[in-house]
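Colleague: I'm new to this one, so could you walk me through it while I ask the basic things?

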Amino acid sequence: MKLSLIVPCFGRPQRTLRAMQCVLEQDMDGWEALFIGDGCPEFQKMIDEGIFDIFEDNAEIKGNRFVLENLQEHKGGWGYAARNYAISHLKGDYTLFMDNDDLIKRNHFSNYYNSIRNTDYDMVYFDSYIEPIGETRQTELKFGSIGHSEVIVKTTLLQNFVQKPEYGHDWELINYLINL
């Protein structure tokens, strides 16, 4: 696999479906998307009822895959447990992040992937456009100015990282990567 995407899920079932549709419509193949519920009853119900089957089937046609699992217990902490679980199961060379209420454009994967492949970079980060307020977040390598969704990182660098439930967990990851 070229890419792995980690998406912690809790609540927002319709937005989760919308996020999955955005992933399915990507203009490149060779990815896996790990949608991991944080002990979310709505997410488990959707798994049990087969609502996600169409996404799994359509992804497999092109050699991609959705991994849909729900943790037994809700841990909270901004999805830290779901991310930790996903990190231990990644198969892609590079990893991206998004939340289950995010929207991404069709070229999101290819844009991020093409910026890091064939380079010596361990991580690349981008500005992000925030639709509801209509502005671009100017990403900086400092607390409060960068998050999970703005980075692509070599998966091997994540294998020894464990997120904690405290606020600022996204900066903790970025800081860890910077200081390797």
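Modeller: Sure, and one definition to begin with: contact means heavy atoms within 4.5 Å. Keep in mind that this is a predicted model.

Colleague: With that in hand, which elements do the buried residues of helix 7 pack against?

Modeller: Helix 7 covers residues 169–178, and its buried residues are H169, W171, L173, I174 and L177. Those buried residues pack against helix 4, strand 4, strand 5, strand 8 and helix 6.

Colleague: Let me step back. How many helices and strands does the protein chain have?

Modeller: The C-alpha atoms fill a box of roughly 45 × 35 × 35 Å along the principal axes. Within the protein chain there are seven helices and eight strands.

Colleague: What radius of gyration does the protein chain have, set against a compact globule?

Modeller: Start from the 180 residues: a compact globule with that many would come out near 16 Å. The value for the protein chain agrees with that, as its radius of gyration is 15 Å.

Colleague: And what share of the residues counts as buried?

Modeller: Let's take the outside first: the protein chain exposes about 9300 Å², with carbon and sulfur atoms supplying 47% of that. Buried here means under 20% relative accessible area. Of the 180 residues, the share that counts as buried is 49%.

Colleague: What is the strand order in the open sheet?

Modeller: The open sheet has six strands with mixed pairing. Strand 3 and strand 5 each have a single partner strand, so they stand at the edges, with one side of each left without a neighbour in the sheet. On average, neighbouring strands are turned by 20 degrees against each other, direction ignored. Reading across, the order is 3-2-1-4-8-5.

Colleague: In which sense do strand 5 and strand 8 pair?

Modeller: Y125, for one, has V151 of strand 8 as its bridge partner. Three bridges link strand 5 and strand 8, and the sense is antiparallel.

Colleague: Which strands does helix 4 touch where it packs on the sheet?

Modeller: Helix 4 spans residues 80–87, and its direction makes about 155 degrees with that of strand 1. Packed on the sheet, helix 4 touches strand 1, strand 2, strand 3 and strand 4.

Colleague: R83 caught my eye. Is R83 buried or exposed?

Modeller: R83 is found in helix 4. Leaving aside neighbours within four places in sequence, R83 is in contact with I6, P8, W78, F97, D99, H148, Q163 and H169. Its relative accessible area is 3%, so R83 is buried.

Colleague: How many residues of strand 2 are buried?

Modeller: W31, A33, F35 and G37 point one way from strand 2, while E32, L34 and I36 point the other way, and all are buried. Strand 2 is therefore largely enclosed by the rest of the structure, with its buried count at seven of seven.

Colleague: Strand 2 sits beside strand 1, right? How many bridges join strand 1 to strand 2?

Modeller: One pair to look for is L5 with its bridge partner A33 in strand 2. Strand 1 and strand 2 run parallel, and the number of bridges joining them is seven.

Colleague: Which element gives the most to the largest nonpolar core?

Modeller: That core has 33 residues, and L3, V23, F35, F66, F109 and I152 have the most contacts inside it. Elements that each supply at least two of its residues include strand 1, strand 2, helix 3 and helix 5. The one giving the most, with six residues, is helix 1.

Colleague: What separates the C-alpha atoms of N70 and Q44?

Modeller: N70 lies in strand 3, and at 15% relative accessibility N70 counts as buried. Q44 is one of the residues in contact with N70, along with G37, D38 and F43 among others. The two are 26 residues apart along the chain, yet their C-alpha atoms are separated by 6.1 Å.

Colleague: Last one: what phi does N118 have?

Modeller: N118 is found in the loop between helix 5 and strand 5, and it counts as exposed at 72% relative accessibility. N118 is not a glycine, although its phi is positive, at about 60 degrees.

How values were computed:
Residues numbered from 1 in each chain as written. Predicted model: local features only at pLDDT ≥ 70, side-chain atom pairs only at ≥ 80, totals over all residues. Heavy atoms only, no water. Core = buried A, V, L, I, M, F, W, Y, C linked by side-chain atoms within 4.5 Å. Buried < 20%, exposed > 50% of the residue type's maximum accessible area, 1.4 Å probe, protein only. Helix = DSSP H or I, 4+ residues; strand = E, 2+ residues; numbered from the N terminus. Pairing = 2+ DSSP bridges. Axes fitted to C-alpha atoms, helices over the stretch in contact; angles between N-to-C directions. Rg over C-alpha atoms; globule rule 2.2 N^0.38 Å. Areas by Shrake-Rupley, 256 points an atom, 1.4 Å probe, with all protein chains shown as cover.
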